[in-house]
Amino acid sequence: MSSGQSLLHSLFKLPMSVLVKGTTIPTNPIDDHGIDVKKPIIYALPFRSNVDLITLQKQVIKAGLPDPLEPVEINGKSFNRFVFTSSRATIMENDSDAPSESIALFSELLHLHNLDSELDVQVIPTTVLWGRKPGKEERHKPYLQAMNGPQKLKSLLLSGRDCLVRVSPVVSLRYMADSHGTDSTIAHKLARVARIHFSRQKLAASGPDLPNREVLFSRLMKSKAIEKAIADESSSKNISIEKARKEAHAIMDEVAADFSYSLIKSGDRVLGWLWNRIYQGLNINNAAVVRKLAQDGHEIVYVPCHRSHMDYLLLSYVLYHEGMVPPHIAAGINLNFFPAGPIFRRGGAFFIRRSFKGNKLYSTIFREYLAELFAKGYSVEYFSEGGRSRTGRLLQAKTGMLAMTIQAMLRGLNRPVTLVPVYIGYEHVMEVGTYAKELRGKRKEKENASLVLRTIRKLRNFGQGYVNFGEPIPLNHFLNEKAPEWTQDIDPMGTSKPQWLNPVVNELASKMMTHINDAAAANALTLSATALLASRQRALSKDNLIGQIECYLKLLRNVPYSETYTCPTQSAEQLVEHAISLDKFVIESDSMGEVVSLDRNQSILMTYYRNNIIHLLALLH
């Protein structure tokens with residue numbers, strides 16, 4: 001690096017330290033991507049930019065990776081530790097070709113691999129994203145191109161506090177050299193592939209372009225399926241076509257989300273404050289698998305278990321912080337009350353009635369809207385249980401949304417669709433007392449603003465929260481296995497309902513719920529509840545409780561239930577101390593020491609938490 005470049009970087013660092021607040025995804029790239037810091041590392045960036053380089057430098061050093069501005073020594077020669085796959089834009093033009101020095105560096109490194117069979121240079125694709133706001137349909141997409149000086153300054157000022165540094169999995173030049181050779185054309189190919197990769201990274205972080213809501217409605221109205229449903233509605237109710245069209249427009253307005261990135265950003269700050277207020281920590285597992293699906297262009301359908309109204313907020317918050325765009329969420333129409341409804345809608349919620357029966361116009365519009373989300377590439381989330389579990393066990397899946405997902409695939413989607421089962425668990429579910437009353441026969445209280453305010457007042461320390469991403473289910477592979485001729489039933493009109501659909505959907509639902517259970521999270525409270533409820537008179541001495549949980553831990557650690565479940569890493573004694581701190585047990589002392597017990601009311605509530613993990617401890621013969 002020249003002395004002029006070093007001086008320029010030094011001049012940039014002071015203002016950028018004030019203007020830029022970056023976040024690295026993943027937070028621990030060395031472990032997540034299996035990076036070997038003992039091997040030579042080169043960073044690949046999409047665009048030539050000193051601002052991006054300095055931002056990258058700060059984040060990767062913090063993550064334990066080498067400084068991109070320091071040269072790397074390879075076989076006695078010194079090389080720049082970074083390359084760009086596109087040149088710097090100017091006010092007059094934008095050159096997307098890779099800089100000649102980057103191609104030269106790739107070529108020389110590949111040549112060195114040809115000479116030294118032990119050499120393995122790791123290329124790490126990295127992207128610095130200035131804001132994650134999705135584009136608008138039919139507008140110019142500046143984020144797919146290099147920015148000139150004024151554009152970069154504008155991004156720095158407007159989005160410096162919303163900066164995301166994406167660190168991608170390693171590309172081994174040893175593998176490239178062995179598999180594809182070392183001639184100069186491979187260096188150009190590397191640069192071209194990298195540019196495609198960087199575009200996908202941006203899409204995974206910000207999502208597809210957003211339509212104008214009325215333009216979306218107009219597009220849906222032109223759907224042949226909806227036109228036919230409007231005509232049938234007019235005929236069956238003996239009303240004019242115009243009146244039926246107005247009814248269809250009203251249904252679309254009731255259903256459709258109105259996604260707002262500014263609300264997502266504001267909501268992130270509010271939710272960050274909320275989680276810090278009520279939880280001691282959030283535990284996220286297996287997110288790297290989902291990031292790879294998003295990076296590879298999959299249509300992702302999140303299917304979480306449903307324990308609490310917190311689920312909607314928590315999963316979107318986690319996905320946003322894992323560098324992915326929050327999904328469009330199928331929410332019950334009962335949540336469409338002021339002011340929550342409009343907020344949820346702008347956060348990506350689309351509303352669904354409890355029953356479609358007898359309303360062909362509504363069911364057709366909903367199916368067409370869901371198919372539109374899939375066709376445009378929005379990730380989607382729905383709760384297949386249909387409602388929150390009142391017992392702590394998974395409920396039997398309702399298959400309506402799954403069937404509509406398969407039917408959307410039968411429209412001829414041109415990319416893979418993957419279900420991602422998600423286990424969401426808590427050491428305290430804020431509605432658990434209400435669930436116990438409902439199980440005793442009390443009527444469910446209708447959601448409203450008053451109920452929300454009363455709930456907020458009760459917010460306090462809820463212990464730990466858990467979001468475990470389960471083993472994904474690639475639907476294309478699943479259909480190839482269960483209905484090998486399914487592609488013959490592709491119908492762009494969406495009217496196809498083949499005979500195999502219902503049995504295949506039922507089998508898929510069972511597999512999906514199994515994968516959610518496979519990703520369960522054992523924790524201090526669930527283990528303590530299990531031990532105390534299994535004891536005589538729901539009481540144990542503290543030492544015996546510790547011993548019982550130690551037994552559970554040995555079982556869970558030595559006989560793993562699945563690849564995706566999680567078990568606490570703390571000792572049994574630490575877990576018991578934490579569980580006691582949640583103030584749910586009766587603690588008494590006698591001559592034998594401390595006794596931990598459950599009163600009658602807490603015994604009922606603790607069954608909920610025991611049921612979260614009881615399947616992990618079942619012994620199968």
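Let's start at a loop: Pro26 sits between β1 (22–25) and α2 (29–33). The bond leading into this proline is a cis peptide bond, shared with Ile25, and its omega is about -5°. Please keep in mind that this is a predicted model. From here, the briefing visits other loops, then a buried strand and its partners, an open sheet, and a pair of helices.

**Loops with notable backbone geometry**

- What kind of peptide bond links Phe338 to Pro339? It is cis, and its omega is near 0°.
- Pro339 belongs to the loop that runs between β11 (328–332) and α14 (340–346).
- Asn75 is not a glycine, yet its phi is positive, at about 50°.
- You will find Asn75 in the loop between β3 (72–74) and β4 (77–79).
- Is Asn75 buried, exposed or partly exposed? Its relative accessibility is 48%, so Asn75 counts as partly exposed, since that class lies between the 20% and 50% limits.
- Asn286 is a residue other than glycine that has a positive phi, here near 70°.
- The loop that holds Asn286 lies between β9 (281–285) and α12 (287–295).
- With a relative accessible area of 33%, Asn286 is partly exposed.

**Strand β6 and its partners**

- How many residues of strand β6 (residues 122–130) are buried? Nine of its nine residues are, and the strand is described as mostly covered.
- In a regular strand, side chains alternate between the two faces of the sheet.
- In β6, one set of side chains, made up of Gln122, Ile124, Thr126, Val128 and Trp130, points one way.
- Val123, Pro125, Thr127 and Leu129 point the other way from β6, and the residues of both sets are all buried.
- Strand β2 (residues 41–45) pairs with β6 in the parallel sense, over four bridges.
- Within this parallel pairing, Ala44 stands opposite Pro125 in β6.
- Strand β7 (residues 163–167) runs antiparallel to β6, and five bridges join them.
- The residue of β7 that stands opposite Trp130 is Cys163.
- Strand β8 (residues 171–172) is also antiparallel to β6, and two bridges join these strands.
- Which residue in β8 is the bridge partner of Gln122? That partner is Ser172.

**The open sheet of β17, β19 and β18**

- Three strands make up this open sheet, in the order β17-β19-β18, and they pair in an antiparallel way.
- β17 (539–541) and β18 are the edge strands, as each pairs on one side only.
- From one strand to the next, the twist averages 25°.
- Strand β18 (residues 586–590) and strand β19 (residues 593–597) are antiparallel and joined by five bridges.
- One bridge pair in these strands is Ile587 with Val596, the latter in β19.
- What connects β18 to β19? A hairpin does, passing through two residues.
- On the β17 side, three bridges join β17 to β19, and these strands run antiparallel.
- Ala539 has Ser597 in β19 as its bridge partner.
- Helix α22 (residues 542–558) lies across β17 and β19, and it runs at about 100° to β17.

**Helices α6 and α7**

- Two packed helices are described by the angle between their axes and the distance between those axes.
- Helix α6 (residues 173–180) packs with helix α7 (residues 184–206) at an angle of about 125°, and their axes are 11 Å apart.
- This angle makes α6 oblique to α7, because it falls outside the 65 to 115 degree range for roughly perpendicular and is not over 145, where roughly antiparallel begins.
- Which way does α6 cross α7, right-handed or left-handed? The crossing is right-handed.
- On the α6 side of the contact are Leu173, Met176 and His180.
- These α6 residues meet Ile186, Lys189 and Leu190 in α7.
- Sorted by class, the contact of α6 with α7 has four nonpolar residues, one polar and one charged.

Conventions
Residues are numbered from 1 along each chain as its sequence is written. This is a predicted model: local features need pLDDT of at least 70, side-chain atom pairs count only at pLDDT 80 or more; totals for chains, interfaces and linings use all residues. Side-chain values use heavy atoms; hydrogens and water are left out. Axes are lines fitted to C-alpha atoms, for helices over the stretch in contact, and angles run from 0 to 180 degrees between N-to-C directions. Angles under 35 degrees count as roughly parallel, over 145 as roughly antiparallel, 65 to 115 as roughly perpendicular and the rest as oblique. A crossing is left-handed if the near helix is turned anticlockwise from the far one by less than a right angle, and right-handed if clockwise. Contact means heavy atoms within 4.5 Å. Ala, Val, Leu, Ile, Met, Phe, Trp, Tyr, Cys and Pro count as nonpolar, Asp, Glu, Lys and Arg as charged, and the others, Gly among them, as polar. Two strands pair if DSSP finds at least two bridges between them. Buried means under 20% relative accessible area, exposed over 50%, partly exposed in between (1.4 Å probe, protein chains only).
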